[in-house]
There are 2 protein chains.
Amino acid sequence: MPVERVRRRIPEATVARLPVYLRILVEQAGEEVECISSEGLAELAGVNAAKVRKDLSYLGSYGTRGVGYEVAFLVYQIRRELGLTHDWPVVIVGAGNLGQALAGYNGFGERGFPVAGIVDIEPGKVGSVIGGVRVRHIDDLQQIVQSRRVSIGVVATPPSAAQDAADRLVRAGVTSILNFAPVVLAVPRGISVRKVDLAVELQILSYYEQRRVGVGLQAVGSNDSTRGASA
Amino acid sequence: MPVERVRRRIPEATVARLPVYLRILVEQAGEEVECISSEGLAELAGVNAAKVRKDLSYLGSYGTRGVGYEVAFLVYQIRRELGLTHDWPVVIVGAGNLGQALAGYNGFGERGFPVAGIVDIEPGKVGSVIGGVRVRHIDDLQQIVQSRRVSIGVVATPPSAAQDAADRLVRAGVTSILNFAPVVLAVPRGISVRKVDLAVELQILSYYEQRRVGVGLQAVGSNDSTRGASA
DNA sequence: ATGCAGTTGTGCACGTGTTCACAAAGCGGG
DNA sequence: CCCGCTTTGTGAACACGTGCACAACTGCAT
């Protein structure tokens, strides 16, 4: 398959929405829907139709005026743009509560992110099997990353160990990190980091919740997912 | 304590950063740091100093020129603004892998979001105790929400059950929802929803990872956390 | 008192993201 | 073949978020 020209850079906000469109389109395909309009997709994704069209237009002109978008084709295009034409094995650092839940969560593998390994620094945790993967010692990290060609690491350690985990991941050759620890990770330039901080999410809800009292119900913004990957 | 005037509305992007500043400031306070400059806080938070100053200026003029910000005072002000002067009990729907991990995660309670209850629709899951909380049947949801004055619900169900879970939460009286299911929830106006979608995060990383090959290393944006709460 | 070094608070310009509104284009019926 | 209906793709206006640059102000030393 010929590698096409490097497409125009896609805005971050759009990149964050494409996975949502993708999930919906795959669902629709499963329900035998062959064609969908920007309006229909927008409804299902909870966004504005114009936004859907603009987002999709970054991929190219793949719609048919007067008709809509062919679902299967769009699925293929979005997959290709997001780099989901092949699997991305991930390695999880930290086999505590969260690490175990992540390893046991089938959604990862199903969506193209199989768990290539899970490691912990605690010898006591090593050896148990979670979701079909055996917990190994963190010293094996490099070996796992290199033999399985892992480029994405997941930090699921306590906050105090998170920076060390990130350092080890980077040293092992990982170039993208998904960080669940409530810590700002320092990483070399060129390494992408995204963070998921449950407490932060709750605190944001708390803000709007608190505003609610005394001010009455009011609109509080839309439901985007715009967060950069750091370099 | 006199309730102060309804402060000027704080931009969403700022609201998303305040929890990060707060965490860092609390840490600093623990290390006996009494005063911090916007520059110092910015460094620790991984953002621009001007942004820190602008963010903090929405709370009021609480800094001292030539000196910086008094850590303890700032902690208090941010807490107040975010509505963290009291606890917000949360109820978790879904006692699967993720629900259990969340219930067992002490970080919630520590940060002012004690788990008031965890429920599941599966009778087989009811009764077991996770993180000191007994799993109850989803039919008890309303009772839990009302007796414990819960206003925040967490959806940790499989995708197919998520909308039903959200509906039940809303019916029970919850007004904010944190959704871990990969589904776009439909909720009545006035209900805030934030979503955390692990697969989406990985797919975003995949995009930048994929771009990396052939284009060489390049900056790929910054590490914000701007996501609206829907109304 | 005065000056100086340091830091805040903010006006302004810029960039990014969103939405509207409409021309361009496909489709089907008569 | 043409007409009217539908839906895309996008220019342009607007809203929002970011970062610079600097005046205003504080505290301290002299």
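What follows is a set of questions and replies on a predicted model with protein chains and DNA strands.

Me: Why is D55(A) called buried?
Reply: Its relative accessibility is 1%. Buried means under 20%. D55(A) therefore counts as buried.

Me: Where does D55(A) sit, and which residues does D55(A) touch?
Reply: D55(A) lies in helix α3 of chain A. Leaving out residues up to four places away in sequence, D55(A) touches T14(A), R17(A) and Y21(A).

Me: What makes the link between D55(A) and R17(A) a polar contact?
Reply: Their side chains are joined at 2.7 Å. The cut-off is a pair of N or O atoms within 3.5 Å, so the value of 2.7 Å qualifies.

Me: Why is K51(B) called partly exposed?
Reply: The relative accessible area of K51(B) is 29%. Buried is under 20% and exposed is over 50%, so a value in between is partly exposed. K51(B) therefore takes that label.

Me: Where is K51(B) in chain B, and how many residues separate K51(B) from R17(B) in sequence?
Reply: K51(B) is found in helix α3 of chain B. In sequence, 34 residues separate K51(B) and R17(B). Their C-alpha atoms are 9.9 Å apart in space.

Me: How do you know that R65(A) reads as a polar partner of a base in DNA strand C?
Reply: An N or O atom in the R65(A) side chain is 2.7 Å from a base nitrogen of that strand. The limit is 3.5 Å, so this pair counts as a polar contact.

Me: What do S38(B) and R53(B) meet on DNA strand C?
Reply: For S38(B), the partner is a phosphate oxygen, 2.6 Å from an N or O atom of the side chain. For R53(B), the partner is a base nitrogen, at 2.9 Å. Elements giving two or more residues to this surface include α1 (12-30) of chain A and β3 (68-70) of chain B. The largest share, four residues, is from α3(A).

Me: Which residues come nearest to DNA strand C, and which part of the strand do they face?
Reply: Of 27 residues around the strand, R65(A), S38(B), R53(B), G66(B) and Y69(B) come nearest. Sugar or phosphate supplies 63% of the strand atoms within 4 Å of the protein, and bases the rest. The surface residues divide into seven nonpolar, ten polar and ten charged.

Me: What makes the pair of N48(B) and DNA strand D a polar contact?
Reply: A polar side-chain atom of N48(B) lies 3.4 Å from a phosphate oxygen. The limit is 3.5 Å, so the pair qualifies. Y69(A) also has a phosphate oxygen of this strand as partner, at 2.6 Å. R53(B) has a base nitrogen of DNA strand D at 3.2 Å.

Me: Which element gives the largest share of the surface near DNA strand D?
Reply: That element is α3(B), with four residues. Among the closest residues are K51(B), K54(B) and R65(B). Of the strand atoms within 4 Å of the protein, 66% belong to sugar or phosphate.

Me: Which residues touch the most other members of the largest nonpolar core?
Reply: They are L56(A), I78(A), Y21(B), L25(B), L56(B) and I78(B), out of 100 residues. Beyond four places in sequence, I78(B) contacts residues including L18(B), L22(B) and L59(B).

Me: How many of the residues in chain A are buried, as a percentage?
Reply: Of its 231 residues, 52% are buried. The chain has nine helices and ten strands.

Note on methods. Residues numbered from 1 in each chain as written. Chains lettered and ligands numbered in written order. Predicted model: local features only at pLDDT ≥ 70, side-chain atom pairs only at ≥ 80, totals over all residues. Heavy atoms only, no water. Buried < 20%, exposed > 50% of the residue type's maximum accessible area, 1.4 Å probe, protein only. Core = buried A, V, L, I, M, F, W, Y, C linked by side-chain atoms within 4.5 Å. Contact = heavy atoms within 4.5 Å. Near = heavy atom within 4 Å. Polar contact = N/O pair within 3.5 Å; in protein donor to acceptor, adjacent residues only side chain to side chain. Nonpolar A, V, L, I, M, F, W, Y, C, P; charged D, E, K, R; others polar.
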